[in-house]
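Hi there,

I'm passing on the structure we talked about, so that you have it to hand. Could you have a look when you get a moment?

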Amino acid sequence: MPETSPEPPVTCRPILNEAEQEAAFHVRTEVFVVEQGCPPEEELDEYDAVAQHFVALAGDEVIGTARVYSLGNGAAKVGRVAVLREWRGRGIGVALMEAVWEWAGKAGYRECVLHAQTYVIPFYKRLGYAAEGEIFYEANIPHRKMRRRFGEATEELQPGKGWWKF
Ligand SMILES: CC(C)(COP(=O)(O)OP(=O)(O)OC[C@H]1O[C@@H](n2cnc3c(N)ncnc32)[C@H](O)[C@@H]1OP(=O)(O)O)[C@@H](O)C(=O)NCCC(=O)NCCS
């Protein structure tokens, strides 16, 4: 399981129980509704029932989350990627995304796709995702579609570039 360097160590993995699911929803509310002003009625949606949810745990505190669900045709949709503000900039977002990637590979997906808020495109690019298509709006926030295929080289993730923090 991916771990990051902060103290206490942070572990990123699929959720194990309902309490972790609730805590993950709480993180999403804090980040997307309270911090970013997204409409609360759009935050939880029908995909939550079918998605695999992930948590980033500092000890037993849930401080980050993401979800993944199938789009059919071998594509996994990654979304609701969030780390509590006070925990950002310590490699936890990367660890979360790599936990998702590892899981999606084992589950047999051929690619991961996501809708990135435009300001965060550099974060996903450095994880090996490529942007495509025009800017569009979700919850009044500009987004672009991004895609990362299994089997493609991700030069940005080579150790020794000051990026890989596990
Ligand atoms: C996006 C988010 C999940 C990143 O989490 P994080 O734990 O801060 O990310 P990391 O610490 O793993 O970031 C790793 C690298 O990405 C960079 N990075 C993170 N967010 C970035 C951004 N918005 N733009 C550019 N670079 C960014 C960091 O600077 C860091 O680079 P470094 O190692 O060279 O310093 C977090 O900022 C967040 O929850 N944002 C609010 C919710 C959101 O917008 N989610 C995305 C929806 S598409």
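Below is what I found in it, starting with confidence and ending with the ligand.

Please keep in mind that this is a predicted model. The average pLDDT of the chain is 90, and 87% of the residues reach at least 70. Among the helices and strands, E4 has the highest mean confidence, at 98, while helix H2 (residues 40-43) has the lowest, at 93. The stretch to be careful with is residues 156-166, where the pLDDT is below 50. Beyond near neighbours in sequence, that stretch still has 16 contacts in the model. Where pLDDT is low, predicted coordinates should not be read in detail.

On the overall fold: the chain has four helices and seven strands, and along the sequence they run β-α-α-β-β-β-α-β-α-β-β. Of its 166 residues, 27% count as buried. If we take the contacts between residues at least 6 apart in sequence, 58% of them join residues at least 24 apart.

Val10 gives an example from the start of the pattern. This residue is found in strand E1 (residues 10-14), and it counts as buried because it has 25 C-beta neighbours inside 10 Å. Val10 and Asp60 are 50 residues apart in sequence, yet their C-alpha atoms are 9.4 Å apart in space.

Helix H1 (residues 18-35) may also interest you. Its 18 residues reach 24 Å from first C-alpha to last, close to the expected 26 Å, and the helix bends by about 30° at Thr29. Which residues of H1 are buried? They are Ala24, Val27, Arg28 and Val31, so an arginine is listed there alongside the others. These buried residues pack against H2, strand E2 (52-58), strand E3 (61-72) and E4. After H1 comes Gly37, with a positive phi near 75°.

Now for the ligand, which has 18 residues around it. Arg88, Ile92, Gly93, Val94 and Pro122 come nearest. The elements giving two or more residues to this shell are strand E4 (75-83), helix H3 (92-106), strand E5 (111-117) and helix H4 (121-125). By type, the shell divides into twelve nonpolar, four polar and two charged residues. E4 therefore turns up in two places: it contributes to the ligand shell, and the buried residues of H1 pack against it.

Happy to talk any of this over.

Best wishes

Methods:
Residues numbered from 1 in each chain as written. Predicted model: local features only at pLDDT ≥ 70, side-chain atom pairs only at ≥ 80, totals over all residues. Near = placed C-beta within 6 Å. Nonpolar A, V, L, I, M, F, W, Y, C, P; charged D, E, K, R; others polar. pLDDT = per-residue confidence, 0-100. Contact = placed C-beta atoms within 7 Å. Expected span 1.5 Å × (residues − 1). Bend = angle between axes of the 7 residues up to and from the residue. Buried ≥ 20, exposed ≤ 12 C-beta atoms within 10 Å, placed from the backbone.
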